[in-house]
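Grab the viewer and work through a few exercises on charged pairs. Each task comes with a solution that goes step by step.

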Amino acid sequence: MHDWAQIVRDRLATLALDDEDAAQVFDELTGHLEQDYRSLLSEGCSEEEAVRRALAGAGDWQVLQRKIESSRKKEPSMPKRVMQFWIPAFVTLLLSMACLALIQIFGPSPWFAPAINGWRFVAPVGLVYIPWVFTLPFIGALGAYLSNRAGGRARAVFSATIFPILPYTVFFIIGLAIAMVLDDHVARNLTIPMFFVGLCAWVIFPGAALLAGGVPAHYFSGRLDTRQIYNG
Amino acid sequence: MIGTGIKKGTAELAILSVLQDGPLHGYELSRRIEAQTKGLLSFSLAALYPMLYRMEQRRWIRGAWETACSGRRRRCYRLTRQGKKKLQPLRAEWSELFTALRRLTKVSNA
């Protein structure tokens, strides 16, 4: 009696599938060959002839292996761009917005402070803004890690990392600039120094903070991947 | 218009047509195709299983493991709703191809 399972395993020894997947393929092909062999025996073939014909029916084993590998390759459920850019980008955007909102809700409330002309309503912008900027490196690191893990290249990784500043960038660089030119209602009280303060506060500093987390995360997760490859 | 992938479609059409009659495992499927075409169409392992796996990925067929009387596990394939939908245009393509070929041979014989 032939050990068809062993024959299949030997001939497809280098099948590049994960263990469970490969075991299923081996079982299925073994069953097929075994049935073919039995059927040939029952038709009156000698054992030798039945083995030869059953194996011949398999065709070229190398072709079989290559075709099985390509046909069982799991197609990614989402396009690469979504995994490498859009998901990490929206994670960083949502987290940064959520952090800002949480700090505003649970952080210090506005209060009245003494002023020359009496009391003045003071909003603790610095007390909200500074803790928020300190959360950004962690968020940037997470975005870079997610993009890196999905196989994103540097451009996708860093675009996803700084994605939260995109709305502010659009606002300050494009929106406000257009408004200053076209609509004097919007820009009447706005001076150039104020514009740069806003640009620094909402684009440049947060962008730098996000990259402060994203760059090391990209570098270290890249190194980790390389080590895993070398260790097999 | 005959699709460029029609050659590949022959195997797909054969498998889907046979599975329309009921679920079968790989070996039975290849024997059934061979018997019904009087040996004109036959599948090697290298042709049959990659095709089945690909069709399963496209959700035209669904495979499920079952245990035979002999105790051996075998994978039984059945046609899905998507597979049934796919079968109709494939049949139409083939019918169109044969009509075109018949017309062509009549013209060249005339």
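**Exercise 1.** Is R31(B) buried, partly exposed or exposed?

*Solution.* Keep in mind that this is a predicted model. The relative accessible area of R31(B) comes to 32%. Buried would need under 20% and exposed over 50%, so R31(B) counts as partly exposed.

**Exercise 2.** Find the salt-bridge partner of R31(B) and say what the pair joins.

*Solution.* Start with the partner: R31(B) pairs with E43(A), and their closest N and O atoms are 3.5 Å apart. Next, place both ends. E43(A) is in the loop between α2 (19-42) and α3 (47-56) of chain A, while R31(B) sits in helix α2 (residues 26-36) of chain B, so this salt bridge joins two chains. Searching the whole structure turns up seven salt bridges over all chains.

**Exercise 3.** Work out where the salt bridge between E49(A) and R52(A) lies.

*Solution.* The closest N and O atoms of E49(A) and R52(A) are 3.0 Å apart. Both residues belong to helix α3 of chain A, three residues apart, or about one turn of the helix. As for accessibility, E49(A) is partly exposed at 27%, and R52(A) is partly exposed at 48%.

**Exercise 4.** Trace what the salt bridge between R58(B) and E12(B) ties together.

*Solution.* Here the closest N and O atoms of R58(B) and E12(B) are 3.1 Å apart. R58(B) is in the loop between α3 (45-57) and β2 (61-67) of chain B, and E12(B) is in helix α1 (residues 6-20) of chain B, so the pair ties together parts 46 residues apart in sequence. Now check burial: R58(B) is partly exposed at 29%, whereas E12(B) is buried at 6%.

Definitions and conventions
Residues numbered from 1 in each chain as written. Chains lettered and ligands numbered in written order. Predicted model: local features only at pLDDT ≥ 70, side-chain atom pairs only at ≥ 80, totals over all residues. Heavy atoms only, no water. Salt bridge = Lys/Arg side-chain N within 4 Å of Asp/Glu carboxyl O. Helix = DSSP H or I, 4+ residues; strand = E, 2+ residues; numbered from the N terminus. Buried < 20%, exposed > 50% of the residue type's maximum accessible area, 1.4 Å probe, protein only.
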